[in-house]
Amino acid sequence: MSVFDSSIQVFLAPVLAYLKDDSVTEIMINGPANIFIERKGFVEKTEAKFDDEGALIAAVRNISQFVGRPIDEERPFLDARLPDGSRIHAVVPPVAKNGTTVAIRKFSKSKLEMKDLIAKGALTVDAARFIDVCLYLKKNIIVSGGTGSGKTTILNILASRCQPNQRILVLEDSAELKIHNTHVVYFEARPADEYGKGLVT
């Protein structure tokens with residue numbers, strides 16, 4: 001277990017059970033005493049809470065130090081990844097009026113394929129064939145939708161169905177795609193440091 005894993009367990013102790021629960025897809029922290037989770041598409045309020053605002057912001061700062069993305073009053077937003085691949089977005093006061101606000105978006109450990117989407121009724125056989133033709137002809141495809149609508153799942157499936165001899169370049173603000181293909185190169189953007197240097201868009 002890494003030092004960061006230990007820190008996660010200490011600082012995020014109030015929500016650790018939800019981080020470990022595979023049925024929970026999102027954890028939403030609206031200040032230290034209002035914590036919600038999303039499970040199977042339904043949002044529910046939990047009894048979990050942080051001791052106070054100081055404990056919550058300490059957790060966020062611990063994560064920000066590990067990923068090298070400072071968060072403070074001048075830079076009140078943090079986008080990062082936890083060691084398990086979950087995406088975390090945090091906003092601190094005074095921008096966050098309810099107190100430090102955090103959303104942790106977890107990703108399924110199971111690898112979905114096109115046939116799984118067809119079996120679930122999320123995609124027709126004809127639509128799947130059309131997508132495969134578009135990929136074969138190297139057409140541009142835009143994947144768009146709201147939070148939790150399945151954009152990442154679709155992108156993973158599309159990229160995994162590209163020809164194995166094609167090189168796939170992935171550019172992300174916060175790395176979250178896990179493409180199952182033989183030739184994939186990942187790039188991640190980076191904010192500027194406290195001196196305004198090192199920005200990678």
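1. A good place to start is Met28, which stands opposite Ala103 in strand 6. Please keep in mind as you look around that this is a predicted model.

2. Now widen the view from that pair of residues. Strand 6 covers residues 101–105, and strand 1 covers residues 24–30. The two strands pair in the antiparallel sense, over five bridges.

3. Which strand besides strand 1 should you look at next to strand 6? Strand 5, residues 87–91, also pairs with strand 6, in the antiparallel sense and over five bridges. For a landmark here, find Ile88, whose bridge partner in strand 6 is Ile104. As you follow the side chains, it may help to recall that in a regular strand they alternate between the two faces of the sheet.

4. Next, please turn to the helices, beginning with helix 5, which spans residues 125–136. Tyr136 belongs to this helix. Is Tyr136 buried or exposed? Tyr136 has 60% relative accessibility, so it counts as exposed, the cut-off for that word being over 50%.

5. Tyr136 also has company at the surface: together with Val133 and Leu137, Tyr136 forms a nonpolar patch. The accessible area of these residues together is about 330 Å².

6. My last stop is Asn156, found in helix 6, which runs over residues 151–160. Asn156 counts as buried because its relative accessibility is 16%, and buried means under 20%. What does Asn156 touch, leaving aside residues up to four places away in sequence? The contacts are with Leu177, Lys178 and Ile179.

Definitions and conventions
Residues numbered from 1 in each chain as written. Predicted model: local features only at pLDDT ≥ 70, side-chain atom pairs only at ≥ 80, totals over all residues. Heavy atoms only, no water. Helix = DSSP H or I, 4+ residues; strand = E, 2+ residues; numbered from the N terminus. Buried < 20%, exposed > 50% of the residue type's maximum accessible area, 1.4 Å probe, protein only. Contact = heavy atoms within 4.5 Å. Patch = residues over 30% accessible without salt bridge, like charges linked within 9 Å, V, L, I, M, F, W, Y side chains within 5 Å. Areas by Shrake-Rupley, 256 points an atom, 1.4 Å probe, with all protein chains shown as cover. Salt bridge = Lys/Arg side-chain N within 4 Å of Asp/Glu carboxyl O. Pairing = 2+ DSSP bridges.
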